[in-house]
Amino acid sequence: MKRSIVAMLSVLAIMLGNCTVFAQNTLVTPMATEKPSESEDNLLEDGTYSVSFDTDSGMFHVSEANDGKGTLTVKDGKMTIHVSLASKGILNLFVGKAEDAKKEGAELLEPTTDTVTYSDGTTEEVYGFDIPVPAIDEEFDVALVGKKGKWYDHKVKISNVQKLEETKETEKEKE
């Protein structure tokens, strides 16, 4: 009797294992594995958005005065984020790898001088950058060079997109 119970449990386990595999195989469809087209990736309409700017580095990040946020501008389907960094220590950025940034003709991003205001009311001048954004919620490569002249590779990600409301002044500028 014990042998027949063990045999039946073994057969049942094998059948359940096959059913699980079958169920897993039927859940996977070509649509689930395909990457969305570029037009599906960029569903943002032209405008200005507040976004989170996440990096893989404690040395390369948005000024704490800006709470990890940058301003994303979408115009004619192209996205650019402006971030104010923590200091004036980063001299140039490059969208891509450090190896490519060193090549002749590489398009380096030049800094702007931004004034940030901290919660206690103090202000500081820091460098900011306008960085082209290829996609939302996907990591992309950004290389940076500091005062020592050495290039470093980093990964950044733009997320938490929130539309900024236009002020009356912005509306008047459009007229």
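Where is Thr122 found? Thr122 sits in the loop between β5 (112-117) and β6 (123-133) of this predicted model. The legends below start with the whole chain and then move to single sites.

**Figure 1. The protein chain as a whole.**
The model shown is predicted. Its protein chain holds five helices and eight strands. Read from the N terminus, the elements run α-α-α-β-β-β-β-α-β-β-β-β-α. The chain has 175 residues, and buried ones make up 27% of them. Take the contacts between residues at least 6 apart in sequence: 59% of these join residues at least 24 apart. The chain exposes about 12300 Å². Carbon and sulfur atoms supply 53% of that area.

**Figure 2. The loop residue Thr122.**
The view is centred on Thr122, in the loop between β5 and β6. Thr122 has 41% relative accessibility, so it counts as partly exposed. Leaving out residues up to four places away in sequence, Thr122 touches Val116 and Thr117. Ala65 is 57 residues away from Thr122 along the chain. The C-alpha atoms of Thr122 and Ala65 are separated by 9.8 Å.

**Figure 3. The largest pocket.**
This pocket has a volume of about 400 Å³. It is lined by 19 residues, and the closest to its centre are Met59, Gly89, Ile90, Leu144 and Gly146. Two elements, β7 (140-146) and β8 (151-163), give two or more residues each to the lining. The largest share, three residues, comes from β7. Sorted by class, the lining has eight nonpolar, eight polar and three charged residues.

**Figure 4. The aromatic pair Phe53 and Phe60.**
A search of the whole structure finds one aromatic pair. Its partners are Phe53 and Phe60, with ring centres 6.0 Å apart. How do the two rings meet, stacked or edge-to-face? Their planes stand at 85°, so the pair is edge-to-face. Phe53 and Phe60 are both buried.

**Figure 5. The strand residue Phe129.**
Phe129 is part of strand β6. Is Phe129 buried or exposed? Its relative accessibility is 0%, so Phe129 counts as buried. Leaving out residues up to four places away in sequence, Phe129 touches a list of residues that includes Ile81, His82, Val83 and Leu85. Ile90, Leu91, Asn92 and Leu93 are also among them. So are Leu109, Glu110, Pro111 and Thr112. One of the pocket residues in Figure 3, Ile90, thus appears here as a contact of Phe129. Ser84 lies 45 residues from Phe129 in sequence, with a C-alpha to C-alpha distance of 6.7 Å.

**Figure 6. The strand residue His82.**
His82 lies in strand β3 (78-84). At 22% relative accessibility, His82 counts as partly exposed. Which residues does His82 contact, leaving aside its neighbours within four places in sequence? They are Gly70, Thr71, Thr112, Asp114, Gly128, Phe129 and Asp130. His82 and Asp130 are 48 residues apart in sequence. In space, their C-alpha atoms are 4.4 Å apart. Phe129, the centre of Figure 5, is one of the contacts of His82.

**Figure 7. The strand residue Ser159.**
Ser159 has its place in strand β8. With 7% relative accessibility, Ser159 counts as buried. Setting aside neighbours within four places in sequence, Ser159 is in contact with Val51, Ser52, Asp54 and Asp137. Strand β8 is also one of the elements that line the largest pocket.

**Figure 8. Two loop residues with positive phi.**
Most residues other than glycine have a negative phi. What is the phi of Asp67? It is near 55°, a positive value in a residue other than glycine. Asp67 is placed in the loop between β1 (47-55) and β2 (69-75). Asp67 has 64% relative accessibility and counts as exposed. Asp76 also has a positive phi, about 55°, although it is not a glycine. The loop between β2 and β3 holds Asp76. Asp76 is exposed, with a relative accessible area of 64%.

Methods. Residues are numbered from 1 along each chain as its sequence is written. This is a predicted model: local features need pLDDT of at least 70, side-chain atom pairs count only at pLDDT 80 or more; totals for chains, interfaces and linings use all residues. Side-chain values use heavy atoms; hydrogens and water are left out. On a 1 Å grid over the protein atoms alone, a cavity is a set of points where a 1.4 Å probe fits but cannot get out, and a pocket is an open set with protein on both sides within 12 Å along at least five of seven lines; lining residues have an atom within 4 Å of a point. Grid points are joined across faces, edges and corners, and a volume is the space filled by probe spheres set on the points. Helices (H or I, at least four residues) and strands (E, at least two) are DSSP runs, numbered from the N terminus. Ala, Val, Leu, Ile, Met, Phe, Trp, Tyr, Cys and Pro count as nonpolar, Asp, Glu, Lys and Arg as charged, and the others, Gly among them, as polar. Rings of Phe, Tyr and Trp (its six-membered ring) pair if their centres lie within 6.5 Å; planes under 30 degrees apart count as stacked, over 60 as edge-to-face and the rest as tilted. Buried means under 20% relative accessible area, exposed over 50%, partly exposed in between (1.4 Å probe, protein chains only). Contact means heavy atoms within 4.5 Å. Accessible areas come from the Shrake-Rupley method with a 1.4 Å probe; for residues, only the protein chains shown count as cover.
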